[in-house]
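Student: Please take a close look at one part of this model and describe it in a connected way. I am new to it, so plain wording would help.

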Amino acid sequence: MFLRVCLKAVLSGLYCLLKQYINDLRSVLQSSSHMIYAYDTQIYAHDYPKNILLLIARVNADANRVAEWAFFSSLRLNASKTTVMLLGSGSYISAFTFDTLPRIVVQGVPIDYSSSMRCLGITLTPSLHWDARVGNIISKSHYALYSLRFYRHSLSRQLRESLSVALVLPHMDYAASVYNATTKEQDLRLQRLQNACTRFIYGTIARDEHVTPYRLALGWLSVRRQRLLRVTVLALNILHKKSPMYIYNDFTLYSNRINTRSSSQRARPLLHYSTTRTSAQSHSFVHTASRLLNLLPFTIDLNRPSSAYKSLIYDHLLSLDTKDWKRRCRNENLTLIPPSLTNSLFIS
């Protein structure tokens with residue numbers, strides 16, 4: 001298991017200067033990698049926990065090289081908006097006493113280790129636990145629902161559905177492939193949020209009535225399988241375009257070309273992946289996507305764009321949601337289709 005030190009800095013300067021000099025940044029880094037989006041810059045490096053002091057020293061040296069590079073490029077590195085985070089497993093992170101660790105110093109300003117960091121709208125924590133992200137989704141979504149509830153009686157059901165799809169569900173879909181490794185409790189909180197959207201759309205669902213058949217009638221996947229849809233389609237897009245290479249190279253193909261003929265059984269899996277030793281590895285993007293693609297009931301041709309398979313993957317996942325609901329109805333003696341949905345054809 002590796003530890004990673006990530007430093008996030010804000011570079012201020014004219015956009016034309018950023019475009020002119022930004023490609024030079026990689027030349028000044030000796031031990032770290034970097035990511036840049038607009039004027040938001042991150043450098044990061046990783047090593048084993050036993051080498052933590054050396055790891056911090058390496059990142060600290062590169063941070064000062066970035067500061068010097070920014071100065072000579074007519075840019076200003078904003079030390080007050082620079083944050084440092086140490087990332088790793090929960091057991092490794094909790095083993096460190098941050099007060100005793102040397103701090104990274106940028107332009108003479110020591111930077112405290114942060115317990116959270118915003119990266120393109122995603123809140124990261126040292127152990128990549130997604131409580132903050134889930135809480136942020138729920139807060140934004142409930143605010144949108146609260147604003148809409150005052151007008152629900154004057155809106156048609158179709159319009160309420162359109163508003164939910166436009167104003168609420170995108171909060172859950174944004175970066176879904178990143179925060180896929182949620183706990184059961186976090187998934188339950190997000191599912192309750194989706195259930196609240198379903199209740200808002202129909203407006204007549206009793207408080208003690210199950211929402212699942214109404215969600216299926218809308219054609220919505222559960223929050224967990226909606227994330228799996230995003231993961232699978234994104235993986236197919238990466239495999240088709242072979243970009244970005246640093247993710248594509250993590251996949252292991254059994255074959256460069258798969259027969260496009262559909263069949264109920266696959267002769268061989270599309271991707272090879274090894275058994276994982278930790279929960280974090282089993283929830284990683286590449287391992288999750290490889291497992292999902294191998295379980296699809298149809299063959300994949302990587303020469304076709306991912307959009308050609310999106311509806312097939314969606315139909316497959318929706319059928320799994322429907323089977324789960326049928327199984328629950330049998331086990332708990334529930335009503336499969338409520339009387340208000342008797343004309344719906346969502347159960348096959």
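**Helix α5 and its surroundings**

Tutor: Before turning to the helix, one loop residue can serve as a starting point: lysine 242 is partly exposed, with a relative accessible area of 47%. Lysine 242 lies in the loop between α10 and α11, and its phi is positive, about 55°, although it is not a glycine. Most residues other than glycine have a negative phi, and most peptide bonds are trans. The same loop holds proline 244, and the peptide bond between serine 243 and proline 244 is cis, with omega at about -5°. All of this is read from a predicted model.

Now to the helix. By the rule of 1.5 Å a residue, the 19 residues of α5 should span 27 Å, and the 26 Å between its end C-alpha atoms agrees with that. The buried residues in α5 are Arg133, Val134, Ile137, Ile138, Ser141, Ala144, Leu145 and Leu148. They are on the same side of α5, because they cover an arc of only 135° around the axis. An α-helix has 3.6 residues a turn, so residues three or four places apart point the same way.

What lies over these residues? The cover of the buried residues of α5 includes β8 (122-124), α6 (157-167), α7 (169-173) and α8. Of these, take α8 next. The axes of α5 (residues 131-149) and α8 (residues 184-202) come within 10 Å and cross at roughly 10°. That angle makes α5 roughly parallel to α8, and the crossing is left-handed. On the α5 side the contact involves Asp131, Val134, Gly135, Ile137, Ile138, Ser141, His142, Leu145, Leu148 and Arg149. On the α8 side it involves Gln186, Arg189, Leu190, Leu193, Ala196, Cys197 and Phe200. Several names recur from the buried list, including Val134, Ile137 and Leu145.

Helix α8 also meets α6. The axes of α6 and α8 come within 8 Å and cross at roughly 155°, and the two helices are therefore roughly antiparallel to each other. Arg157, Arg160, Glu161 and Ser164 of α6 make this contact with Cys197, Phe200, Ile201 and Tyr202 of α8. Cys197 and Phe200 of α8 thus appear in the contact with α5 as well as in the contact with α6.

One further residue can be followed from α8. Arginine 215 sits in helix α9 (residues 212-218) and is buried, with a relative accessible area of 6%. Neighbours within four places in sequence aside, arginine 215 is in contact with Gln191, Gln194, Thr198, Trp220, Leu221, Ser222 and Asp321.

For a second helix to set beside α5, look at α3 (residues 52-72). Its 21 residues reach 31 Å from the first C-alpha to the last, close to the expected 30 Å. Among the buried residues of α3 are Ile52, Leu55, Val59 and Trp69. The buried residues cover an arc of only 160° around the axis, which puts them on the same side of α3. The face turned away from that side carries the exposed residues Leu53, Phe71 and Phe72. Just after α3, serine 74 takes a positive phi of about 65°.

Technical notes
Residues are numbered from 1 along each chain as its sequence is written. This is a predicted model: local features need pLDDT of at least 70, side-chain atom pairs count only at pLDDT 80 or more; totals for chains, interfaces and linings use all residues. Side-chain values use heavy atoms; hydrogens and water are left out. Helices (H or I, at least four residues) and strands (E, at least two) are DSSP runs, numbered from the N terminus. The expected span of a helix is 1.5 Å times one less than its number of residues. Buried means under 20% relative accessible area, exposed over 50%, partly exposed in between (1.4 Å probe, protein chains only). The arc is that of the directions from the helix axis to the C-beta atoms. Axes are lines fitted to C-alpha atoms, for helices over the stretch in contact, and angles run from 0 to 180 degrees between N-to-C directions. Angles under 35 degrees count as roughly parallel, over 145 as roughly antiparallel, 65 to 115 as roughly perpendicular and the rest as oblique. A crossing is left-handed if the near helix is turned anticlockwise from the far one by less than a right angle, and right-handed if clockwise. Contact means heavy atoms within 4.5 Å.
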